[in-house]
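Good morning, colleagues. Today I should like to discuss the charged side chains of one protein model. Please look at the structure as it comes up.

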Amino acid sequence: VSRQLKEEIRRGFARLEDPLAGLLAMLESSSDWKGKGHSLGYCITKELQLWIKEHPAVSQSGTKLKKLQARVLGLLSQCPANLLDPLISIYQLHTADRNYLLEHVSHLYLQGNYKEAAILSIKLKLQPDQDVEKMCTPLLLQDKANLVEDYVGEYPELQSKLLQTLDTWCDPSFNIKDITRPYQGMSRYQPEKFNRRVLSKLVFRLLERFSVDPALCPNVINQRHLRTLNYLFYKRFVEKTMTEENWADHIQSTVGENRWLQGHLVQSLLRHCGTRGAARWAQCFRVPPEMLPRAVAEELQKLHIQDRVKEVTKADSSEDSKKKDYYQLPIPRENIHFLQTWEETLQCWEKVLQPGQVVGMDMEWKPSFGMVGKPRVALLQLALKDEVFLLDLPRLLEQTEAEGKREKLPHFIQRLYSDAAITKLGYGMSGDLSSLAVTCSALKDTEKQMQSVVDLLAVDKQVDGLSPEHSHEERGVRQPEKGLSLLVQHVLGKPLDKTEQLSNWEKRPLREEQILYAASDAYCLLEIYERLCKDPESFGQGSDLTESLVGKQSKKPRAKKQLNKQEAPSPSAQECQGPKTEPSCPRAPISPQEFSVVCDNMLQGLGRYLRCLGVDVRLLDNQDDHRKAAEIARQEGRVILTSGLPYQTLRSQVAEGRCFSVNCSEKAKEQALQVLKHFNVQVSLSDIFSRCQ
């Protein structure tokens with residue numbers, strides 16, 4: 001607002017006998033203020049709010065104020081959000097008769113203005129005197145869950161009531177139509193957004209946001225545990241990617257003393273393991289015979305107490321022979337150390353914190369299976385050339401805290417990450433570091449301070465599918481490798497055995513299989529790094545791999561470090577056009593409509609972002625071979641957007657300048673800016689969302 005206009009508005013107030021009544025008369029007789037943005041009506045209202053603070057004598061009281069309050073309440077339901085607070089302040093609505101305000105909100109509600117009624121209730125803090133179920137139900141049916149969160153945001157008692165209501169609706173025996181029926185003629189009615197799945201997600205979001213005890217929502221928690229149970233059966237008996245011991249650990253921690261879940265467990269065991277298997281687990285959980293199917297109850301009578309649960313789902317005897325198909329640790333078992341005391345850990349730090357040291361790092365935590373809360377690190381793995389240290393992080397943190405020296409362990413971890421003389425290797429380190437920050441708040445800034453960190457996830461993004469010598473036929477029924485396992489297979493020849501990946505890492509003692517898995521996950525990083533440094537070109541890397549892997553820290557550290565020249569600071573034109581000869585002429589500007597691309601399958605986020613800007617985009621599916629991009633590019637005259645190793649292959653299959661390498665460690669927005677700048681694509685306002693339905 002210009003200074004001249006502000007002065008004119010203030011002179012106008014000074015001339016009025018009753019500025020408050022004058023503002024209302026203006027608002028009632030015009031409609032420009034009803035739109036979004038800073039209208040003239042909004043500017044005048046804001047100036048009056050400031051002017052009253054400087055001239056408190058202008059404020060009204062008594063009967064005159066009540067009349068003004070009655071008039072302003074009629075306007076509030078039509079107000080844009082930015083006018084509500086100034087009007088409530090000017091007309092002192094917080095001092096108005098509470099019953100009168102509640103009656104007004106109730107009138108709005110009965111007219112079907114549910115959103116306006118809720119917003120006004122929040123602004124005037126009326127929620128404690130309202131029925132939370134009645135106020136929130138229509139909002140949920142209009143897909144306004146965020147407004148529901150704000151409505152109960154400051155009132156723990158209302159949060160609990162709302163959660164209990166939502167949990168009741170999630171009971172499988174509850175008929176949701178009983179809730180939706182009265183609102184069927186409502187505007188913006190979205191019944192498809194009102195189902196147990198959506199409501200269950202909302203419950204978990206609210207439990208986490210408001211730190212409410214999950215025990216308040218037994219139906220939702222039981223249903224989530226049941227989904228976990230079904231998932232565990234799928235992993236063990238269909239996909240066959242989970243060991244028996246690992247599976248048994250999770251079954252025990254998921255089912256626990258819950259009789260309802262025990263009943264579902266027995267039914268699933270009957271399908272997969274027969275009556276004997278079901279009976280053994282019924283024995284383990286001490287399920288009362290009257291809860292069991294007759295055949296299981298009869299089998300239970302025959303079992304001996306001392307029989308071990310372990311025999312339930314006897315694994316295929318060929319499992320052990322399959323071990324040789326996986327990556328094997330090249331160091332003896334006695335060189336893997338499980339550390340639970342500070343004295344042991346000090347000896348570890350003496351070896352790890354040596355200048356020039358290369359350390360493979362990984363972390364493990366108990367899978368949450370969608371339950372409330374963020375994962376806390378249960379195990380920190382540090383691999384050196386000749387030995388691996390497994391740090392029992394919860395035990396060590398507990399011990400140092402008991403001694404009044406809680407900063408000791410975080411200090412050493414911080415020192416390791418920030419020491420430029422020590423090379424740290426990881427895979428997807430961003431996730432590890434966020435879990436580390438949840439586990440120990442003193443480590444929340446680790447990512448900003450780290451130096452000489454190499455995230456091998458970027459190499460994984462460059463792996464061009466499976467090596468030919470590891471075909472699906474060779475691997476039989478095993479699931480296709482992915483993530484770190486795929487990278488290990490590509491570089492070292494055999495994949496990782498991931499059957500312990502979803503272990504209960506908080507349970508002590510760890511099983512031998514867990515210890516070997518944890519050690520392998522960290523140690524394989526050392527071998528990958530060594531192999532890549534010795535022979536980078538055979539893996540499509542630049543010859544100066546070592547320098548680019550552990551380059552100088554950028555001013556803004558990233559969790560996923562750049563790996564080679566292709567992914568270092570910003571790809572220049574010659575990366576896409578072969579060896580540089582002379583500086584190329586600047587490209588002529590083009591519009592997004594004239595620019596058509598095909599995005600490789602590791603760049604789907606970039607593709608969607610460019611499409612929002614009006615670019616003609618085709619996306620490869622996850623299962624598509626990278627080479628399909630060249631085929632599409634040639635047939636449809638598109639530019640290929642790719643990254644890493646596939647770039648080397650695809651560049652040779654299309655015309656010069658028709659293949660561009662994108663930095664995979666950047667977010668989609670930064671990648672899009674990079675592409676638009678390189679191809680001189682000029683985006684106008686009309687291009688944005690022009691291709692979106």
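R511 is buried in this predicted model, with a relative accessible area of 15%. Its salt-bridge partner is D249, and the N to O distance between the two side chains is 3.1 Å. D249 also counts as buried, at 9% relative accessibility. Where do the two residues sit along the chain? R511 belongs to the loop between α25 (483-492) and α26 (512-534), whereas D249 is in helix α14 (residues 244-255), so this contact ties together parts that are 262 residues apart in sequence.

The pair also belongs to a network of salt bridges, which links D249 and R511 with E500, K507 and E513.

Let me turn to a second pair. K64 and D18 form a salt bridge in which the closest N and O atoms are 3.8 Å apart. This pair, too, links distant parts of the chain: K64 lies in helix α4 (residues 62-76) and D18 in the loop between α1 (3-15) and α2 (19-29), with their positions 46 residues apart. Are these partners buried or exposed? K64 is partly exposed, its relative accessible area being 45%, while D18 is buried, at 14%. The 14% of D18 falls under the 20% cut-off, and therefore this residue counts as buried.

A third pair is K235 with E239, whose side chains meet in a salt bridge at 2.7 Å, N to O. Both K235 and E239 are buried.

Finally, how many salt bridges does a search of the whole structure find? The total is 34, and the pairs discussed here, K64 with D18 among them, are examples.

Definitions and conventions:
Residues are numbered from 1 along each chain as its sequence is written. This is a predicted model: local features need pLDDT of at least 70, side-chain atom pairs count only at pLDDT 80 or more; totals for chains, interfaces and linings use all residues. Side-chain values use heavy atoms; hydrogens and water are left out. A salt bridge is a side-chain nitrogen of Lys or Arg within 4 Å of a carboxyl oxygen of Asp or Glu. Helices (H or I, at least four residues) and strands (E, at least two) are DSSP runs, numbered from the N terminus. Buried means under 20% relative accessible area, exposed over 50%, partly exposed in between (1.4 Å probe, protein chains only).
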